[in-house]
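Biologist: Hello! I am new to reading protein structures, and I would like some help. Could we go through this one feature by feature?

Modeller: Gladly. Let us put the structure on the screen and start from there.

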Amino acid sequence: MVTLFKREVPLPESPENRRREERLLVNLPVELTRIDPDGNVLIEQTTIEDVTSIGCRFTTQVEFHRGDIISIRPLASGQKSLAKGEPQSFEVMWASKLGGRWTTGAKKLEGEKLASAKIPPANDSPSNTSK
């Protein structure tokens, strides 16, 4: 099940706070795919933590770099992938080390804005079987 939370704490108005989009807190399991400079395909499953109409934030085990192009595909809880969940292309805008992991912000490259996108519920998979 996907849970959305509207951020209740107002962000301070300052030159350092350049965010123009409202952020929604989410807990959306996804699969990230990118091709490294050596041509290796790197795949990691993680969770999107917040979204705006133009991008998202997530945490990974590996470091991404500004300008990396990645594809993000939604996952259903307990599933490897959603058959009808088409991957979306994103450009990494920033990455910051947080302990032994990396927090990354990415901007959607094409298609509809994220705020308009329909996020399928966790049980919306054609092969949804209990284990």
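Modeller: We begin with a term: strands here are DSSP runs of E with at least two residues, numbered from the N terminus. Val41, for instance, has its place in strand 3, which covers residues 41-51. Keep in mind that this is a predicted model.

Biologist: How many helices and strands does the protein chain have?

Modeller: There are zero helices and seven strands. Going along the sequence, the pattern reads β-β-β-β-β-β-β.

Biologist: Back to Val41, then. Is Val41 buried or exposed?

Modeller: The general idea is a cut-off: exposed means over 50% relative accessible area. Val41 has 51% relative accessibility, so it counts as exposed. Together with Ile35 and Ile43, Val41 makes a nonpolar surface patch of about 310 Å².

Biologist: And what is in the loop between strand 2 and strand 3?

Modeller: Asn40 is one residue of that loop. With 40% relative accessibility, Asn40 counts as partly exposed. Setting aside neighbours within four places in sequence, Asn40 is in contact with Arg34 and Ile35. Ile35 is also one of the residues of the patch we just met.

Biologist: How should I read the side chains along a strand?

Modeller: In a regular strand, side chains alternate between the two faces of the sheet. Strand 5, residues 69-74, is a good place to see this.

Biologist: Which side chains of strand 5 are buried, and which are not?

Modeller: Ile70, Ile72 and Pro74 point to one face and are buried. Ile69, Ser71 and Arg73 point to the other face and are not buried.

Biologist: Which strands does strand 5 pair with?

Modeller: Strand 2, residues 24-35, is joined to strand 5 by four bridges, and the two run antiparallel. One bridge partner pair here is Leu32 with Ile72 of strand 5. Strand 5 is also joined to strand 6, residues 88-98, by four bridges, again antiparallel. There, Ile69 stands opposite Glu91 of strand 6.

Biologist: Can residues that are apart in sequence still meet in space?

Modeller: Let us take Gly67, in the loop between strand 4 (55-60) and strand 5. Gly67 and Val92 are 25 residues apart in sequence, yet their C-alpha atoms are 5.3 Å apart in space. Apart from neighbours within four places in sequence, Gly67 is in contact with Glu91 and Val92. Gly67 counts as partly exposed because its relative accessibility is 36%.

Biologist: What about the protein chain as a whole?

Modeller: Take the contacts with a separation of 6 or more: residues 24 or more positions apart account for 50% of them.

Biologist: How many aromatic pairs does the structure hold?

Modeller: It holds one aromatic pair. Phe58 and Phe64 form this pair, which is edge-to-face, with 6.1 Å centre to centre and 90° between the planes.

Biologist: Are Phe58 and Phe64 buried or exposed?

Modeller: Buried means under 20% relative accessible area. Phe58 has 0%, so it is buried. Phe64 has 5%, so it is buried as well.

Biologist: What share of the protein chain counts as buried?

Modeller: Of its 131 residues, 31% count as buried. The accessible surface of the protein chain comes to about 8,700 Å², and 52% of that belongs to carbon and sulfur atoms.

Biologist: Thank you, I will look at each of these on the screen.

Key. Residues numbered from 1 in each chain as written. Predicted model: local features only at pLDDT ≥ 70, side-chain atom pairs only at ≥ 80, totals over all residues. Heavy atoms only, no water. Patch = residues over 30% accessible without salt bridge, like charges linked within 9 Å, V, L, I, M, F, W, Y side chains within 5 Å. Areas by Shrake-Rupley, 256 points an atom, 1.4 Å probe, with all protein chains shown as cover. Salt bridge = Lys/Arg side-chain N within 4 Å of Asp/Glu carboxyl O. Buried < 20%, exposed > 50% of the residue type's maximum accessible area, 1.4 Å probe, protein only. Pairing = 2+ DSSP bridges. Phe/Tyr/Trp six-rings, centres within 6.5 Å; stacked < 30°, edge-to-face > 60°. Contact = heavy atoms within 4.5 Å.
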